[in-house]
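Visitor: Could you walk me through this one slowly? I'm new to reading structures.
Guide: Gladly; let us have it in front of us before we begin.

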Amino acid sequence: MPLDYSADEIVVSPYSKLAGIYDDVMSHVDYKQWARYIQKMILKWCPEATRILDISCGTGSLLAKFDSNRYRLFGFDLSYNMVMEAGRKIRALQFPVSLWCGNMKSFRLKNRVDVVVCLYDSINYLLNFEGWSRCFDCVFDSLNDRGVFIFDICTEKNSLKYFRNYVERKNRNQYQYLRASKYNAETNVHTNRFEIAFNSGSQKYVEIHQQYIFPANEVFDFISKSKFKKLYAYDGFTFRSAHKNSLRIHFILKKTGT
Ligand SMILES: C[S@@+](CC[C@H](N)C(=O)[O-])C[C@H]1O[C@@H](n2cnc3c(N)ncnc32)[C@H](O)[C@@H]1O
């Protein structure tokens with residue numbers, strides 16, 4: 001059942017309205033643990049790193065958990081509202097992070113970094129490998145030699161197991177929320193429809209998010225043809241190799257020289 005149909009329905013761009021409630025909706029995600037995992041990977045594969053850039057920083061939850069005494073932190077995101085939320089969080093925590101709005105398919109840095117991260121299946125928002133190529137080129141140019149690119153993907157197993165026809169609802173004091181997920185195994189497109197109604201207004205906002213679920217073997221093939229050297233593909237949140245039943249895969253690639 002959708003949220004109340006009597007409300008005026010307004011279709012808005014991804015993360016424009018979700019941004020304001022994103023942290024509440026994602027309160028089950030343990031970003032501290034995630035940041036710890038990524039930092040372990042960095043210490044193992046790029047121990048000399050001092051500068052980290054998150055190219056889909058969302059509301060800055062992951063950046064805010066990195067060790068700011070050790071690393072200089074930077075982040076951008078396509079969604080202006082997500083970056084605004086990130087700014088609020090970072091200021092409240094008095095946490096030193098530089099943030100801006102940007103597109104992972106077309107960005108350039110004044111000063112290179114040692115690590116680029118793109119997590120929580122953000123790269124799945126790029127709907128084809130042409131988009132990946134543009135992203136990989138930008139990341140490559142933004143990294144110092146021997147810098148690393150860490151990203152993750154959601155696998156088809158995950159979409160089929162949990163999101164074939166998934167519905168989630170929240171009824172809070174300030175808002176009502178519905179997420180309906182569908183996975184089309186013919187097109188490999190995973191669609192999330194978010195309906196959000198703030199109790200202070202009469203509108204219902206609808207966001208349609210589409211993510212392409214790249215077959216893992218095609219991702220491996222794409223990486224092998226890229227300028228990067230693949231260091232490892234980890235089964236999500238572990239240091240074991242990814243396998244055919246992995247639900248999330250964390251990749252770590254190295255820039256081996258220009
Ligand atoms: C699932 S959220 C994850 C956000 C954040 N990484 C986290 O872990 O909470 C996906 C994010 O990818 C961002 N995104 C989608 N396409 C993008 C693009 N082309 N460039 C930069 N960010 C993008 C969205 O705006 C959104 O904030």
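Visitor: What distance separates the centres of domain 1 and domain 2?
Guide: Taken over C-alpha atoms, the centres of the two domains are 24 Å apart, and please keep in mind that this is a predicted model. The domain assignment gives domain 1 as 8-18 + 157-212, while domain 2 is given as 25-154 + 213-255.

Visitor: How many residues of domain 1 are in contact with domain 2?
Guide: On the side of domain 1 there are 19 residues in contact, and they meet 17 residues of domain 2. Together the two domains bury about 1,700 Å² between them, with 58% of that area on carbon and sulfur atoms. Tyr15, Gln211 and Tyr212 supply 41% of the area that domain 1 buries against domain 2, which is more than any other three residues give.

Visitor: And how many salt bridges or polar contacts go across there?
Guide: The rule finds zero salt bridges across the interface of domain 1 and domain 2, although nine residue pairs are in polar contact between the two domains. As for the elements on the side of domain 1 that touches domain 2, helix H5 (156-162) gives the largest share, five residues.

Visitor: OK, new topic: how many salt bridges are there by this rule?
Guide: The count comes to 11. One of them joins aspartate 23 and lysine 89, whose closest N and O atoms are 2.7 Å apart; aspartate 23 sits in helix H1 and lysine 89 in helix H3, 66 residues apart in the chain.

Visitor: Which residues does arginine 248 form salt bridges with?
Guide: Arginine 248 pairs with aspartate 121, where the closest N and O atoms are 3.1 Å apart, and also with aspartate 152, where they are 2.8 Å apart. Arginine 248 lies in strand S12 and aspartate 152 in strand S6, so this pair ties together parts that are 96 residues apart in sequence.

Visitor: Is arginine 248 buried or exposed?
Guide: Arginine 248 has a relative accessible area of 13%, so it counts as buried, since buried means under 20%. Aspartate 152, at 0%, is buried as well.

Visitor: Last thing, how many disulfides does a search find?
Guide: A search of the whole structure finds zero disulfides. Cysteine 46, for example, has its nearest cysteine sulfur, that of cysteine 118, 17 Å away, whereas for cysteine 138 the nearest cysteine sulfur is that of cysteine 135, 6.8 Å away. A disulfide needs the two sulfur atoms within 2.5 Å, so cysteine 138 is in no disulfide.

Technical notes: Residues numbered from 1 in each chain as written. Predicted model: local features only at pLDDT ≥ 70, side-chain atom pairs only at ≥ 80, totals over all residues. Heavy atoms only, no water. Domains from an automatic or database assignment. Contact = heavy atoms within 4.5 Å. Buried area = accessible area lost by both parts, 1.4 Å probe. Salt bridge = Lys/Arg side-chain N within 4 Å of Asp/Glu carboxyl O. Polar contact = N/O pair within 3.5 Å; in protein donor to acceptor, adjacent residues only side chain to side chain. Helix = DSSP H or I, 4+ residues; strand = E, 2+ residues; numbered from the N terminus. Buried < 20%, exposed > 50% of the residue type's maximum accessible area, 1.4 Å probe, protein only.
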